[in-house]
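Open the model in your viewer and keep the sequence panel beside it. This tour goes from one selection to the next and says what to look for at each stop.

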Amino acid sequence: MNDKEHLEQEEIFSQVLRAGRRTYFFDVRATKADDYYLTVTESKKFTHDDGSFHYKKHKIYLYKEDFNEFNEMLKAATDYILNEKGEEVISERHQKDFKRPSELNEASSSTESFTDVNFEDI
């Protein structure tokens with residue numbers, strides 16, 4: 001088998017989910033015995049101060065014998081998150097300068113304790 005045939009064998013089915021600076025790849029691949037399995041790859045872009053960037057990738061391999069339990073556990077975990085936290089995405093928390101509401105209250109309450117001084121009174 002030449003390289004092109006090997007590449008075509010690997011590209012059986014693919015889907016891409018772009019999510020901000022993360023991209024998820026869902027790729028169906030073939031084993032040597034011509035059975036199928038799934039790879040899920042998370043690729044995350046990191047930008048350096050000088051403008052250059054690099055990607056970090058994490059990959060899991062999922063085989064048919066694990067599909068049912070994996071789907072059940074994924075559904076249970078995602079249902080739990082949605083039931084506990086709702087569907088709203090709080091994207092501000094992903095910002096580097098994010099402050100929790102309690103931190104904002106502490107900052108504003110510390111400035112409220114100052115007395116307003118009019119220099120004309122001195």
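The stops below start with the whole chain and then move to hairpins, salt bridges and a surface patch.

**Whole chain**

Keep in mind that this is a predicted model. Show it as a cartoon and colour by secondary structure. The chain holds 3 helices and 4 strands. Trace them along the sequence and the order reads α-β-β-β-β-α-α.

Now switch on the surface. The chain exposes about 11300 Å². Carbon and sulfur atoms supply 51% of that area. How much of the chain is buried? Buried residues account for 10% of the 122 residues. Next, consider contacts between residues at least 6 apart in sequence. Of these, 11% join residues at least 24 apart.

**Strand 1 and strand 2**

Select residues 13-19, which are strand 1. Add 22-30, which is strand 2. Strand 1 and strand 2 run antiparallel and are joined by 7 bridges. For a landmark, show Gln15 and Phe26: Gln15 stands opposite Phe26, which belongs to strand 2.

Go to the turn. This hairpin has 2 residues between its strands. Gly20 takes a positive phi here, near 65°.

**Strand 2 and strand 3**

Keep strand 2 and add 36-47, which is strand 3. How many bridges join strand 2 to strand 3? There are 9, and the two strands run antiparallel. Tyr24 stands opposite Glu42 in strand 3.

Move to the turn of this second hairpin, where 5 residues lie between the strands. Pick Asp34, in the loop between strand 2 and strand 3. What is unusual about its backbone? Most residues other than glycine have a negative phi. Asp34 is not a glycine, yet its phi is positive, about 65°. Is Asp34 buried or exposed? Asp34 is exposed, at 55% relative accessible area.

**Ser43 and its neighbours**

Stay on strand 3 and centre on Ser43. Ser43 is buried, because its relative accessible area is 7% and the cut-off for burial is under 20%. Select its contacts, leaving out residues up to four places away in sequence. They are Arg21, Arg22, Thr23, Phe25, Tyr55, Lys56 and Lys57.

**Salt bridges**

Side chains of opposite charge can pair when their charged atoms come close. The count here comes to 3 salt bridges. Visit each in turn.

Begin with Asp27 and Arg29. Their side chains meet in a salt bridge, at 3.7 Å from N to O. Asp27 is buried, with 12% relative accessibility. Arg29 is buried too, with 16%.

Next, select Lys64 and Asp35. These two form a salt bridge with the closest N and O atoms 2.7 Å apart. The pair links distant parts of the chain, 29 residues apart. Lys64 sits in the loop between strand 4 (53-63) and helix 2 (67-85). Asp35 sits in the loop between strand 2 and strand 3. How accessible are the partners? Lys64 is partly exposed at 44% relative accessibility. Asp35 is also partly exposed, at 34%.

Finish with Asp79 and Lys75. Here the closest N and O atoms of the salt bridge are 2.8 Å apart. Where do Asp79 and Lys75 lie? Both are in helix 2, separated by 4 residues, about one turn of the helix. Asp79 is partly exposed, with 30% relative accessibility.

**A nonpolar patch**

Bring the surface back and select Ile12, Phe13 and Tyr36. Together they form a nonpolar patch on the surface, with about 280 Å² of accessible area. Zoom in on Ile12. This residue lies in the loop between helix 1 (3-10) and strand 1. Ile12 is partly exposed, at 31% relative accessibility. That value lets Ile12 join the patch, because patch residues need over 30% relative accessible area.

**Last view**

Return to the cartoon with the selections still marked. Strand 2 is a good place to end: it pairs with strand 1 through 7 bridges and with strand 3 through 9. Label Asp34 in the turn between strand 2 and strand 3, then Asp35 with its salt bridge to Lys64.

Note on methods:
Residues numbered from 1 in each chain as written. Predicted model: local features only at pLDDT ≥ 70, side-chain atom pairs only at ≥ 80, totals over all residues. Heavy atoms only, no water. Buried < 20%, exposed > 50% of the residue type's maximum accessible area, 1.4 Å probe, protein only. Contact = heavy atoms within 4.5 Å. Areas by Shrake-Rupley, 256 points an atom, 1.4 Å probe, with all protein chains shown as cover. Salt bridge = Lys/Arg side-chain N within 4 Å of Asp/Glu carboxyl O. Pairing = 2+ DSSP bridges. Patch = residues over 30% accessible without salt bridge, like charges linked within 9 Å, V, L, I, M, F, W, Y side chains within 5 Å.
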